[in-house]
2 protein chains.
Amino acid sequence: MKAYEVIYQTIENSILKGEYGPGDFLPSENQYVKQFKVSRDTVRKALNLLMTNGHIQKIHGKGSMVLKREQLRFPISGLTSYKELQQAYGYDSITDVVSLETIKISEDLSRLTGFEKDEDVWKIIRTREIDHQKVIRDTDYLLCRLIPNLTREIGEDSIYKYIEKELNLQISFAEKEIRVVPLNQLDKDHLDLNSQDNNIVSIQSRVFLANAEQFQYTESRHRVDKFLFYDFARRNPSTI
Amino acid sequence: MKAYEVIYQTIENSILKGEYGPGDFLPSENQYVKQFKVSRDTVRKALNLLMTNGHIQKIHGKGSMVLKREQLRFPISGLTSYKELQQAYGYDSITDVVSLETIKISEDLSRLTGFEKDEDVWKIIRTREIDHQKVIRDTDYLLCRLIPNLTREIGEDSIYKYIEKELNLQISFAEKEIRVVPLNQLDKDHLDLNSQDNNIVSIQSRVFLANAEQFQYTESRHRVDKFLFYDFARRNPSTI
DNA sequence: GCGGATTTGTACGTATGTATT
DNA sequence: TAATACATACGTACAAATCCG
């Protein structure tokens with residue numbers, strides 16, 4: 001592991017363990033230099049990561065203050081996958097693979113997904129059951145060229161885990177749009193809805209690898225009362 | 001202006017002008033070192049900023065590729081204020097100040113807003129009219145201690161501009177939650193709603209200064225059909 | 001209010017590692 | 001293999017904000 005990653009994780013753990021609480025100041029950069037026997041540059045990389053992730057606020061001339069983060073959030077931001085969320089928060093949750101097939105991208109699908117026309121893609125539809133209610137319906141399109149094999153088992157577990165751990169592809173960034181749209185027939189067929197519902201939350205995202213190649217388009221539809229988006233944002237992005 | 005900011009803006013402008021299109025590679029770091037007569041460290045800060053803002057993707061061993069960003073998005077993320085959005089996208093838009101008063105934070109309000117009990121705050125309610133329809137209703141709470149004066153005129157223009165330009169306070173980060181909730185009576189009283197609407201999008205945010213002091217709590221309620229959240233996110237936050 | 005100590009921010013330079021072509 | 005380009009790491013110097021006596 002890289003030096004700044006080791007330092008990042010060490011400090012993050014000490015925050016998560018409560019060794020430093022909200023409002024406390026971390027040791028100074030120079031103290032960490034001595035502790036880890038690295039250059040200040042390396043310490044600063046770790047601290048800047050902690051800052052962009054919302055753990056601390058660096059204050060010029062004072063030090064690095066630990067922030068209080070509201071717990072038990074649903075961070076759809078930052079590309080966290082459903083499976084990771086489920087594990088992190090221990091939801092009583094089941095994924096059901098409704099369908100799995102390969103199709104060719106049409107002109108309409110090309111506009112929607114961002115994939116080139118005539119590309120071969122996997123199309124997988126899944127529902128997510130939380131507390132014994134089906135409240136999320138995902139439709140994924142994944143590039144066959146990059147993900148040659150896809151099974152129902154992978155779909156029931158975690159596609160992201162498969163892509164990163166098995167295929168060793170590096171998922172890097174995503175564009176995402178969130179809207180509220182009318183229910184459609186597929187929602188009614190596959191989800192457990194409330195009688196007064198006429199809308200659903202739609203999250204469309206295009207996901208890219210480190211080489212800027214798009215490998216996924218997803219629409220994730222959430223029953224409105226089960227949807228919560230939490231975001232931590234900096235105004236002048238993460239100073240560097 | 002700082003050296004890396006100058007370089008950032010120069011490169012950003014050349015991208016926005018179309019000098020480099022999607023898929024093109026920027027000059028290498030070393031070429032920028034020569035061009036701007038700075039160290040490579042400084043060039044890298046500028047390029048990393050471009051990367052976190054979604055303008056480019058740096059690819060190890062290859063270079064910095066310009067990404068295609070979908071245009072005309074509504075980036076509520078990144079703390080952009082309503083007024084800035086309006087100016088950027090030229091919406092035909094009017095802000096109406098419904099009420100403006102100072103109140104003392106009660107125990108309930110303390111839990112909601114994150115402010116300490118008994119703090120004095122401004123409470124300002126505003127509606128936003130887009131294309132001649134009132135579709136957004138904002139309720140802001142602002143700390144009197146930090147923002148001593150607030151007028152209807154400032155509320156009609158831009159509170160953020162006032163805070164940053166006039167008071168010279170540095171807005172730094174925010175936590176934000178987005179939900180879909182039932183309409184309430186105030187929504188019905190102050191907004192132009194569609195007959196079939198029974199829900200509204202609620203965005204709650206707590207906003208902090210560079211010294212980690214919270215100065216604002218806002219709930220922004222959007223008519224569902226006028227709500228669009230656009231987000232650009234990196235998986236391993238902005239490498240540094 | 002001032003000066004000095006501490007702490008973070010910016011900038012420069014150098015060396016080496018790793019991915020791509 | 002060699003050249004190029006980005007990534008990591010170390011070190012130094014000075015600027016700017018904060019704190020305290």
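**Figure 1. Strand β7 of chain A and its partner β6.** Strand β6 (residues 171-182) of chain A pairs with β7(A) in the antiparallel sense, and 11 bridges hold the match. This is a predicted model, so keep that in mind for every view here. Want a landmark for the pairing? Look for A:E177, which sits opposite A:Q204 in β7(A). As general background, the strands of a sheet pair through backbone hydrogen bonds, and they can do so in a parallel or an antiparallel way.

**Figure 2. Looking along β7 of chain A, residue by residue.** How many of the 11 residues of this strand are buried? The count is 11 of 11 for β7 (residues 199-209) of chain A, so the strand is largely enclosed by the rest of the structure. The side chains take turns: A:N199, A:V201, A:I203, A:S205, A:V207 and A:L209 point one way, while A:I200, A:S202, A:Q204, A:R206 and A:F208 point the other way. Residues from both sets are buried.

**Figure 3. The hairpin of β7 and β8 in chain A.** On to the next neighbour: β7(A) and β8(A) are antiparallel partners joined over nine bridges. Here A:R206 is the residue to find, standing opposite A:Y217 in β8(A). Four residues lie between the two strands of this hairpin, and A:A212 takes a positive phi near 75°.

**Figure 4. The whole open sheet, with strands from two chains.** Zoom out a bit and you can follow seven strands in the order β3(A)-β4(A)-β5(A)-β8(A)-β7(A)-β6(A)-β9(B), with antiparallel pairing. Which strands stand at the edges? They are β3 (93-104) of chain A and β9 (229-234) of chain B; each has a single partner strand, so one side of each is left without a neighbour in the sheet. On average, neighbouring strands of this sheet are turned by 15° against each other, ignoring direction. Inside the sheet, β5 (residues 133-143) of chain A and β8 (residues 214-223) of chain A run antiparallel and are joined by seven bridges. To spot that pair, find A:D140 opposite A:T218 in β8(A).

**Figure 5. Two loop residues with a positive phi.** In general, most residues other than glycine have a negative phi. A:N168 goes against that habit, with a phi near 55°. You'll find A:N168 in the loop between α7 (159-166) and β6 of chain A. Is A:N168 buried or exposed? With a relative accessible area of 62%, A:N168 is exposed. The other residue in this view is B:D118, which isn't a glycine either but has a positive phi of about 75°. B:D118 lies in the loop between α5 (107-113) and β4 (120-130) of chain B, and at 45% relative accessibility B:D118 counts as partly exposed.

**Figure 6. The protein around DNA strand D.** There are 23 residues around this strand, and A:A3, A:T42, B:E29, B:R40 and B:R44 come nearest. Of the strand D atoms within 4 Å of the protein, 68% belong to sugar or phosphate, and the rest belong to bases. Check out three contacts with phosphate oxygens: a polar side-chain atom of A:Y4 is 3.0 Å away, an N or O atom in the side chain of A:K62 is also at 3.0 Å, and a backbone N or O atom of B:E29 is at 2.8 Å. Elements giving two or more residues to this surface include α1 (3-16) of chain A and β1 (56-59) of chain B. Which element gives the most? That's α3(A), with four residues. Sorted by class, the surface has four nonpolar, nine polar and 10 charged residues.

**Figure 7. The protein around DNA strand C.** Here 22 residues surround the strand, and the closest are A:E29, A:R40, A:R44, B:A3 and B:T42. Sugar and phosphate make up 66% of the strand C atoms that come within 4 Å of the protein. A side-chain N or O atom of A:R44 is 2.9 Å from a phosphate oxygen, and a backbone N or O atom of B:S39 is 2.9 Å from a phosphate oxygen. A:G61 uses a polar backbone atom, 3.5 Å from a sugar or linking oxygen of strand C. This time α3(B) gives the most to the nearby surface, with three residues. The classes come out as four nonpolar, nine polar and nine charged residues.

How values were computed: Residues numbered from 1 in each chain as written. Chains lettered and ligands numbered in written order. Predicted model: local features only at pLDDT ≥ 70, side-chain atom pairs only at ≥ 80, totals over all residues. Heavy atoms only, no water. Near = heavy atom within 4 Å. Polar contact = N/O pair within 3.5 Å; in protein donor to acceptor, adjacent residues only side chain to side chain. Nonpolar A, V, L, I, M, F, W, Y, C, P; charged D, E, K, R; others polar. Pairing = 2+ DSSP bridges. Axes fitted to C-alpha atoms, helices over the stretch in contact; angles between N-to-C directions. Buried < 20%, exposed > 50% of the residue type's maximum accessible area, 1.4 Å probe, protein only.
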